[in-house]
Amino acid sequence: MSITVDKFVNFQQSMIHYQINGSENGGDWIVLLHGKKFSSADWSNSGLIDELSNQGFKVIALNLPGYGHSEELKSDLSYADFIAAFLQQLGIDKFHLLGPSFSGEISLQFALKHQKMLKSLTVIASINVEKYLQDLDHIKTNTLIVWGKKDEIAPYKDAFVLHEKLPNN
């Protein structure tokens with residue numbers, strides 16, 4: 001059984017926190033992002049990090065800059081560009097990305113800018129889907145769309161918009 005380890009990395013003069021598990025596994029990398037009111041600790045506390053690791057995946061639960069124990073960036077790098085550069089700094093060039101709510105939007109931005117890095121995309125109740133209507137058909141990555149009918153922040157109808165617009169869901 002693997003143990004989830006807290007790590008900090010200096011990224012462009014900001015300390016970025018993440019949790020990692022299963023790095024010794026032979027499977028693919030999965031990167032877990034978080035919502036605005038959550039952090040990497042929530043993935044750990046839910047048991048998802050351990051479960052994915054036990055299934056053979058290498059898992060990173062990343063605290064975005066300014067969230068959890070991660071410092072704000074000293075540059076104006078977008079979250080999508082930060083994720084790409086941060087994971088490249090760690091030597092991870094291809095991975096599955098999971099983003100709920102606030103980071104669902106970041107995941108869509110990432111897929112539009114850095115699609116070649118993605119093995120798959122999981123979007124969970126993303127906010128601001130309407131901002132990307134014109135571009136969603138450019139996301140060719142295999143995508144899983146997860147939503148709750150009673151979500152009060154991300155309208156349920158947006159799940160159907162993504163289903164209609166994303167070609168590989």
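Is Lys165 buried, exposed or partly exposed? Hold that thought for a moment, everyone, while I say that what we have on screen is a predicted model. Now the answer: Lys165 has a relative accessibility of 31%, and because buried needs under 20% and exposed over 50%, Lys165 counts as partly exposed.

Let me place that residue for you. Lys165 sits in helix α5, which covers residues 157-165. If we set aside the neighbours within four places in sequence, Lys165 is in contact with Leu133, Leu136 and Asp137. For a sense of distance, take Gln89: from Lys165 the separation is 76 residues in sequence and 32 Å in space, C-alpha to C-alpha.

Now please turn to strand β5, residues 95-100. How many of its residues are buried? The count is 6 of 6, so to speak a strand that is mostly covered, by the definition of buried as under 20% relative accessible area. In general, side chains in a regular strand alternate between the two faces of the sheet. Here, Phe95, Leu97 and Gly99 point one way from β5, while His96, Leu98 and Pro100 point the other way, and all are buried.

Who are the partners of β5? On one hand there is strand β3, residues 29-32, which runs parallel to β5 and is joined to it by 3 bridges. One of the pairings to click on is Ile30, whose bridge partner in β5 is His96. On the other hand there is strand β6, residues 118-124, also parallel to β5, with 6 bridges between them. There, Phe95 has Leu118 as its bridge partner in β6. And if you follow the chain from β5 through helix α4, residues 102-114, to β6, you trace a right-handed β-α-β unit.

Last topic, and I suspect some of you have been waiting for it: the aromatic rings. The model has 8 aromatic pairs. One of them is Phe11 with Phe86, an edge-to-face pair with 6.1 Å from centre to centre and 70° between the planes. Why does this pair tie together parts that are far along the chain from each other, 75 residues apart in sequence? Because Phe11 lies in strand β1, residues 5-11, whereas Phe86 lies in helix α3, residues 79-89. Both Phe11 and Phe86 are buried. They also have company: ring pairs link Phe11, Tyr18, Phe82 and Phe86 into a cluster.

That's my tour, thanks for listening!

How values were computed:
Residues are numbered from 1 along each chain as its sequence is written. This is a predicted model: local features need pLDDT of at least 70, side-chain atom pairs count only at pLDDT 80 or more; totals for chains, interfaces and linings use all residues. Side-chain values use heavy atoms; hydrogens and water are left out. Buried means under 20% relative accessible area, exposed over 50%, partly exposed in between (1.4 Å probe, protein chains only). Helices (H or I, at least four residues) and strands (E, at least two) are DSSP runs, numbered from the N terminus. Two strands pair if DSSP finds at least two bridges between them. A crossover is right-handed if, with the strands pointing away from the viewer, the path from the first strand over the helix to the second runs clockwise. Rings of Phe, Tyr and Trp (its six-membered ring) pair if their centres lie within 6.5 Å; planes under 30 degrees apart count as stacked, over 60 as edge-to-face and the rest as tilted. Contact means heavy atoms within 4.5 Å.
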